[in-house]
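Here are my notes on this one, in the order I would go through them with the model open. Have a look at the structure first, then read on.

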Amino acid sequence: VMSSELTQLSEMLLHIFQVSGATVDWISALVEDEIDGVHKESTANRLRYTTRIHSNDSRESGQDREILVRDMGRTATVEANLLFRGNSLLTKALDLHMRRLGKEYLEETIGERIREIDESDPECEVDPARVPRTEDLDRNWRNLISLTTGVWKAIAMSVARCPPELRRIFRHVRACAEDRYGDFLRSVTYSSVSGFLFLRFFCPAILNPKLFGVLKGKA
């Protein structure tokens, strides 16, 4: 109903739950609804708690079970890969919450590296159409791999510095996603969390560091 004002609505509700000290509980409830809400009437959800796939009545039923399991697997994989990709009350609220709680964490993790890259302005173009000389292309690849590896290592080693409240939320995201999709897609354990932590936090900050306060000046 309020999709056009979703950002404003999520911000107002986040203010309310932060003041009441119930932010984690509220966002956790949104996570459960997003992953396993009553509106999720998919094949996997409808058959999840039935005993149809456990029947051994006949060869035909065995074939039916294989088809059902295969359909469930395909549906679950599609759902899991699209998890948290759209704009919803949950994604908007957690986006804002991560930026609020994670400002210092972002600075400690990648702030210095982003500023070094900005100041040095290294050659990282790896499109052969734009870099005709092979030696320049090889150099640019080395630069790009070295810089991205450095940023990745800084993030990978920063687990202990991630704000505890965000860690509790991510743990709940992982548990809910694993419970629903874990039988069909093992990688959901990681992709469910990275859908927020990378796609909606680190990557946007790297692409637009001024907007996230990592670099000074207008975004």
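1. A cut-off to start with, as it comes up throughout: a residue is called buried under 20% relative accessible area, exposed over 50%, and partly exposed in between. Take E11, in helix α1 (residues 6–19). Its relative accessible area is 33%, so E11 falls into the partly exposed class. Keep in mind, too, that this is a predicted model.

2. Staying with E11, what does this residue touch beyond its sequence neighbours? Leaving aside residues up to four places away, the contacts of E11 are L96 and R100. There is also a C-alpha to C-alpha distance worth checking on screen: E11 and L94 are 9.7 Å apart in space, with their positions 83 residues apart in sequence.

3. Now the overall picture. The protein chain has nine helices and zero strands, so don't go hunting for a sheet; from the N terminus on, the elements simply run α-α-α-α-α-α-α-α-α. Of its 219 residues, 37% count as buried. The chain exposes about 13800 Å², and carbon and sulfur atoms supply 53% of that area. As for contacts with a separation of 6 or more, 68% of them come from residues 24 or more positions apart.

4. The helix pair I'd look at is α5 (residues 89–101) with α8. Their axes are 10 Å apart and the packing angle is about 150°. Angles over 145 degrees count as roughly antiparallel, and that is therefore the label for α5 and α8. On the α5 side the contact is made by L94, H97, M98 and L101, and on the α8 side by E165, L166, I169 and F170. By type, these residues divide into six nonpolar, one polar and one charged.

5. H97 deserves a point to itself. Is this α5 residue buried or exposed? H97 is buried, at a relative accessible area of 0%. Not counting residues up to four places away in sequence, H97 touches L14, Q18, T23, I27, G102, E165, L166 and I169. Three of those names, E165, L166 and I169, also appear on the α8 side of the helix contact described above.

6. On to charge pairs. Side chains of opposite charge can pair when their charged atoms come close. How many salt bridges does a search of the whole structure find? The search gives seven. One of them is between R161 and E108, with the closest N and O atoms 3.5 Å apart. This pair links distant parts of the chain: R161 is in the loop between α7 (134–156) and α8, E108 is in helix α6 (residues 103–120), and the two are 53 residues apart. Both ends are partly exposed, R161 at 40% relative accessible area and E108 at 48%.

7. R130 and E125 form another salt bridge, at 3.6 Å from N to O. The two ends fall into separate classes here: R130 counts as exposed at 63% relative accessibility, whereas E125 counts as partly exposed at 29%.

8. Then there is R139 with D136, where the closest N and O atoms of the salt bridge are 3.8 Å apart. Why are they separated by about one helical turn? Because R139 and D136 are three residues apart in helix α7. D136, at 18% relative accessibility, counts as buried, while R139 is partly exposed at 32%. The pair is also part of something wider, since a network of salt bridges links R133, E135, D136 and R139. I'd show those four side chains together in any figure of this region.

9. Last, a loop residue. Where does G182 lie? G182 is in the loop between α8 (164–181) and α9 (188–207). At a relative accessible area of 23%, G182 is partly exposed. Setting aside residues up to four places away in sequence, G182 touches A177 and V188.

Conventions. Residues numbered from 1 in each chain as written. Predicted model: local features only at pLDDT ≥ 70, side-chain atom pairs only at ≥ 80, totals over all residues. Heavy atoms only, no water. Helix = DSSP H or I, 4+ residues; strand = E, 2+ residues; numbered from the N terminus. Buried < 20%, exposed > 50% of the residue type's maximum accessible area, 1.4 Å probe, protein only. Contact = heavy atoms within 4.5 Å. Areas by Shrake-Rupley, 256 points an atom, 1.4 Å probe, with all protein chains shown as cover. Axes fitted to C-alpha atoms, helices over the stretch in contact; angles between N-to-C directions. Parallel < 35°, antiparallel > 145°, perpendicular 65-115°, else oblique. Nonpolar A, V, L, I, M, F, W, Y, C, P; charged D, E, K, R; others polar.
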